[in-house]
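Reader: I would like a close look at one part of this model, described carefully enough that I can follow it residue by residue. Please begin with whatever term I need to read the pairing, and then place that part in its surroundings.

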Amino acid sequence: MPASPPPPPDLTEVSSWYREHARDLPWRHAEFHVEYGAWGTLVSEFMLQQTPVSRVIPHLEAWLHRWPSPAAMASATPAEVVHQWANLGYPRRALWLRRAAIEVTERHDGVVPRDVPALLALSGIGDYTARAVAAFHYGDRHPVVDTNTRRVIARAADGCSQPAPPSKRDLDRMSELLPQAEDQAAVFNAAMMELGATVCTARAPRCEICPLASVCAWLRAGRPDTGDRRRRQARYEGSDRQARGAVLRMLRDAPGHVLPAHAAAGDWPDPAQRDRAIDSLIADGLIEATEGELRLPN
DNA sequence: CAGGCGTGGCG
DNA sequence: TCGCCAAGCCT
């Protein structure tokens, strides 16, 4: 007779904690949702994909002021969005966001869809972003799983110091823990993320102030180092990514977003690497080459 | 599934 | 100084 899986722990205490300790962020104001609708949430979630909150906030307001709807964004050029994206990082996200805006305009009459499958079908939207929009803007009950949520579950429920790599199972896992009521589920999703971002952090968790301290399996076990199966980020210094970043930055800053090909990172120490970077940027649609010049696409 | 993809702050 | 880390997604 196989052992039955342990019952999921009750982590709903995070929701009470969240109501008192949530940071005051733009997308947590009702007016934000009234002003920009699901589009505001979608843009914020795109920017927050791997970029810290503190760097997103100033860019978010400027972006939504310039392009307050999917239709407005859909008429912008790639050059305009890449320039506006500035130094948020991973500039392909700017192109994906623009493409998603076009898709919303064409497929959904300019209204960001509420259904998760429809959201998943949009460019640049995966399991996290789709459910974040459906849960945080529309208020529907979905498991919203990001790196913070996975870390809190790994520690509090599984007693591990770090989460396993992302997996589809994470969604089922979060579903088990999610309160049944829609309004409570939305708060719980946000609360798990907030706890992971501000208390149950990757490097120096503050267990002494954690609302889950009394139920946390990891703390109860003495915070053991259970190993780390996460994927290591490749070294950035000297990488192709760094070369791409240098070329793109030159073009973002150039008048008319155009430069002679030899001027775009022409002094890069490794010419072969520079050429690889240019080719891959072209392949990604981030730049184009015409008549000995490089430019952001119009 | 593993690897690629920016940028900057922090311990 | 240098590696880690940040509300992931695509191929």
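Author: Two strands are said to pair here if DSSP finds at least two bridges between them. With that in hand, and keeping in mind that this is a predicted model, the part to start from is an open sheet of 3 strands, arranged in the order 1-3-2 with antiparallel pairing. Its edges are formed by strand 1 (258-260) and strand 2 (288-290), each of which pairs on one side only. On average, neighbouring strands of the sheet are turned by 25° against each other, when direction is ignored. Strand 1 and strand 3, the latter made of residues 293-295, are joined in the antiparallel sense over 3 bridges, and in this pairing proline 260 stands opposite glutamate 293 of strand 3.

To place the sheet, consider the division of chain A into domain 1 (8-229) and domain 2 (240-295): strand 1, at 258-260, lies within the second of these ranges. The centres of the two domains, taken over C-alpha atoms, are 32 Å apart, and the contact between them involves 9 residues of domain 1 and 8 residues of domain 2.

The range of domain 2 also leads to DNA strand B, since helix 13 (240-253) is, together with helix 6 (92-107), an element that gives two or more residues to the surface near this strand; helix 13 gives the most, with 5 residues. In total, 19 residues surround DNA strand B, and the closest are Tyr90, Pro91, Arg231, Arg241 and Arg244. Of the atoms of DNA strand B that come within 4 Å of the protein, 49% are accounted for by sugar and phosphate. By class, the surrounding residues divide into 4 nonpolar, 6 polar and 9 charged. Individual polar side-chain atoms can be followed as well: one of threonine 51 lies 2.9 Å from a base nitrogen of DNA strand B, while one of arginine 92 lies 3.1 Å from a sugar or linking oxygen of that strand.

Glutamine 233 links the description of the two DNA strands. One of its polar side-chain atoms lies 3.5 Å from a base oxygen of DNA strand B, and an N or O atom in the side chain of glutamine 233 is 2.8 Å from a base nitrogen of DNA strand C.

Around DNA strand C there are 30 residues, with Trp27, Asp146, Asn148, Gln233 and Arg235 the closest. Here 63% of the DNA atoms within 4 Å of the protein belong to sugar or phosphate, and the rest belong to bases. Both kinds of partner appear in the side-chain contacts, for a polar side-chain atom of tyrosine 128 lies 3.3 Å from a base nitrogen of DNA strand C, whereas one of threonine 129 lies 2.8 Å from a phosphate oxygen. The elements that contribute two or more residues to this surface are helix 2 (30-48), helix 8 (127-137), helix 9 (147-156) and helix 11 (182-198). Sorted by class, the surface near DNA strand C holds 11 nonpolar, 8 polar and 11 charged residues.

Terms used: Residues are numbered from 1 along each chain as its sequence is written. Chains are lettered from A and ligands numbered from 1 in the order in which they are written. This is a predicted model: local features need pLDDT of at least 70, side-chain atom pairs count only at pLDDT 80 or more; totals for chains, interfaces and linings use all residues. Side-chain values use heavy atoms; hydrogens and water are left out. Helices (H or I, at least four residues) and strands (E, at least two) are DSSP runs, numbered from the N terminus. Axes are lines fitted to C-alpha atoms, for helices over the stretch in contact, and angles run from 0 to 180 degrees between N-to-C directions. A residue is near a molecule or strand if one of its heavy atoms lies within 4 Å of it. A polar contact is a pair of N or O atoms within 3.5 Å; within protein, one must be able to donate a hydrogen and the other to accept it, and residues adjacent in sequence count only if both atoms are side-chain atoms. Ala, Val, Leu, Ile, Met, Phe, Trp, Tyr, Cys and Pro count as nonpolar, Asp, Glu, Lys and Arg as charged, and the others, Gly among them, as polar. Domain bounds come from an automatic or database domain assignment. Contact means heavy atoms within 4.5 Å.
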